[in-house]
Amino acid sequence: VACGCQLFVGGLSFRCSEERLAEEFSHYGRVTDAFVVRDNETKSSRGFAFVTLANAEQANAAVDRLNGTDVPSIGAKQGLTVKLADKSKQQLD
């Protein structure tokens, strides 16, 4: 995990960009990394990403506010899945 606390984000649009994702999560703290997982051939988003926020408090705020919500700006029409990534969970335990 990069410096900070990494989140898994699912339910994204196939056109979601790292820039837009980072902008949306910046409302909850300092984004140190945003990585949209892409198809190797089409380069389209595979519908999920990882966002790293500066600390656990900021990451938990993002989870509390965004998980299950519709966020049209990043293409989530059926509700985002936002949770601590497995590596961050292990670090916090």
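Which residue in β3 does Phe-8 stand opposite? In this predicted model, the residue across from Phe-8 in β3 is Phe-50, and the arrangement of the strands around this position can be described from β1 outwards.

Strand β1, which covers residues 5-10, has 5 of its 6 residues buried, and it is therefore largely enclosed by the rest of the structure. Its pairing with strand β3, residues 45-53, is antiparallel and comprises 6 bridges, with Phe-8 and Phe-50 standing opposite each other. Strand β1 also pairs with strand β4, residues 81-84, again in the antiparallel sense and over 4 bridges; here Gly-10 of the one strand has Thr-81 in β4 as its bridge partner.

The aromatic side chains add a further level of description to the pairing of β1 with β3. The count of aromatic pairs comes to 3. For Phe-48 and Phe-50, the ring centres are 6.3 Å apart and the planes lie at 85 degrees, so this pair is classed as edge-to-face, given that planes over 60 degrees apart fall into that category. Phe-8, Phe-48 and Phe-50 together form one aromatic cluster, and Phe-8 and Phe-50 within it are also the residues that stand opposite each other across the two strands.

With regard to solvent accessibility, Phe-48 has a relative accessible area of 23% and is partly exposed, and Phe-50, at 23% relative accessibility, likewise counts as partly exposed. Both assignments follow because a residue is called buried under 20% relative accessible area and exposed over 50%, with partly exposed in between.

Notes. Residues numbered from 1 in each chain as written. Predicted model: local features only at pLDDT ≥ 70, side-chain atom pairs only at ≥ 80, totals over all residues. Heavy atoms only, no water. Buried < 20%, exposed > 50% of the residue type's maximum accessible area, 1.4 Å probe, protein only. Pairing = 2+ DSSP bridges. Phe/Tyr/Trp six-rings, centres within 6.5 Å; stacked < 30°, edge-to-face > 60°.
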